[in-house]
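This report describes how selected parts of one protein chain meet one another. Please keep the sequence and the structure in view while reading.

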Amino acid sequence: MGGGMPVPAVKRIRTVAVVVTGLEALEERVKRDLEFLEYGGPGWMPYREHEGERVFDAVIVGGGQCGLGIAFGLLRERITNILVIDENPEGLEGPWITYARMVTLRTPKHLTSIDLGVPSLTFRAWLEAHAGPGAWEKLDKIPRADWMAYLRWFRRVLNLPVVNETRLTLIEPLGGGLHRLHLEGPGAPARTLTARKVVLATGIQGGGEWHVPAMIRESLPKRLYAHSSEAIDFAALRGRRIGILGGGASAFDNAQHALAEGAAEVHVFVRRERLPRVNPIRQMERSGMIGRHAALPDADKYAVMKHFFRHNQPPTNDTFARAAAYPGFRLHLGAPLAGVREEDGGVAIDTPGGRFHVDYLIVCTGLVSDPALRPELRLVEPHILRWGDVYRAPADIADPMLDRHPYMTPGFSFMSRDEEGREKLRGIFSFNYGALVSNGITASALSGMKYGIPRIVSAIADELFLDEREAILGRYYAYEEPEFTCLSEHERS
């Protein structure tokens, strides 16, 4: 039938009109809600220049969901002299339509995040305006493409100051509470910018780097493997055998995606004897732990994160079922990597259960958080206080991976190992996976952002206020504008 009966033109026009009208109505509602909240009022920070150039009150590095939420939060605080930069082209910020390969988000749909309590800015409000009032009730989990469309709308409707294709290469402390940011990329507004506060809203990899085991790096040519965070040409892998190393959620995201794209076989190698069953995040979401993690004593913070990593995040049931439904799906439990090498144009993988041959290997082994791995921090990294500097964990839970995490304030700023670094680090905030041990998942999971974003915004506002304390208090003490003007007869006489 060639695709079915053609839809009459009048119906096509009417459908488009409903969608546009729904979004227009929502955007008017957003505008009205923000007016009620006095959003858009005049800024209160004094304007500053350095060497004849503008000083931004805050530059946010990363234009994904965290960066957008923080920018909105700062604007609500009437901190208006801000800029968001992102290294990706517009519309490709974050992982959602690049290297994220799940069909839907893993987070329950009802959890709110970057809307900061404004109902008209929630994903649900956008979805119902975009797809109709019944769309929310029909939804199980949020499709990742829809989430990205929502983020694009969020940025547009709030007119957030984002510049794309701009990469931060170095943070250079200038003293006096200022930092020079060295930039590159075709979208960069200048080679350098100066800022009072720098916010590293750099996502899952922003606290360190994606991890590829040394055995793989040293034994295989790069053409035979990729980390799951990289771009992968799945079309070129149609009809081929793919190995996937790892047992977390992303391993099965990639397995189902590869099979859907036409891979003949996908072998998932998991070192554990059993797949993780429990997702600690679900318990944390309903227990108060996410929002209150920063209030815990150090011993509890450390133990909580050790427990979190022991469990890992299992695949969602629908993702696993989707992968397992393909005849080419192979799951190998109790199969840690014993050896790997190039063989016959592919990859030979040795495990305790035998040797396997695949044409290509996808590495889903997560990331390592360590400020020393971030080139933009190289001038300040030696001063950054780590958990290993502060807390000695009991032997049964001690973990060098946790010890390398920065020891941070509840407001997501670095702390210094020494007096020299105190001034250099002041004003640098890290809202990414590096904050896990200190602040829990408030900067790394969608369900934590509604707690983490207000806290970092408040911390930035406090620092800015104290930076300009003398000028602000001076204006306060000098203020003499009369408010009471209705003089009594006695005063007139």
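A residue is called buried when its relative accessible area is under 20%, exposed when that area is over 50%, and partly exposed in between (1.4 Å probe, protein chains only). The structure is a predicted model, in which local features need pLDDT of at least 70 and side-chain atom pairs count only at pLDDT 80 or more, while totals for chains, interfaces and linings use all residues. Residues are numbered from 1 along each chain as its sequence is written, and side-chain values use heavy atoms, with hydrogens and water left out.

**Salt bridges**

Side chains of opposite charge can pair when their charged atoms come close. A salt bridge is counted here when a side-chain nitrogen of Lys or Arg lies within 4 Å of a carboxyl oxygen of Asp or Glu. Across the whole structure, 33 salt bridges are found. Three of these pairs are set out below.

| Salt bridge | Closest N and O atoms |
|---|---|
| E468 and R196 | 2.8 Å |
| D467 and K197 | 2.7 Å |
| K306 and D399 | 3.1 Å |

The places of these residues are given by helices (H or I, at least four residues) and strands (E, at least two), which are DSSP runs numbered from the N terminus. In the salt bridge of E468 with R196, distant parts of the chain are linked: E468 is in the loop between helix 16 and helix 17 (469-478), R196 is in strand 7 (residues 192-203), and 272 residues separate them. Both E468 and R196 are buried.

The salt bridge between D467 and K197 likewise links distant parts of the chain, with D467 in helix 16 and K197 in strand 7, 270 residues apart. D467 counts as partly exposed because its relative accessibility is 30%. K197, by contrast, has a relative accessible area of 1% and is therefore buried.

For the salt bridge of K306 with D399, K306 lies in helix 10 (residues 298-311) and D399 in the loop between helix 12 (387-390) and helix 13 (400-403), so the pair ties together parts that are 93 residues apart in sequence. K306 counts as buried at 16% relative accessibility, and D399 is buried with a relative accessible area of 13%. Elsewhere, K197, R426, E463 and D467 are joined into one network by salt bridges that share partners.

**Helix 2 and its partners**

Axes are lines fitted to C-alpha atoms, for helices over the stretch in contact, and angles run from 0 to 180 degrees between N-to-C directions. Angles under 35 degrees count as roughly parallel, over 145 as roughly antiparallel, 65 to 115 as roughly perpendicular, and the rest as oblique.

How do helix 2 and helix 16 cross? The axes of helix 2 (residues 65-76) and helix 16 (residues 449-467) come within 9 Å and cross at roughly 50°. Helix 2 is therefore oblique to helix 16. In this pair, Q65, C66, G69, I70, G73 and L74 of helix 2 are in contact (heavy atoms within 4.5 Å) with M449, I453, I456, V457 and I460 of helix 16.

Helix 2 also packs against helix 5 (residues 144-158), at an angle of about 25° and with the axes 11 Å apart. The two helices, helix 2 and helix 5, are therefore roughly parallel to each other. Here Q65, L68 and F72 of helix 2 meet W147, L151, F154, R155 and L158 of helix 5.
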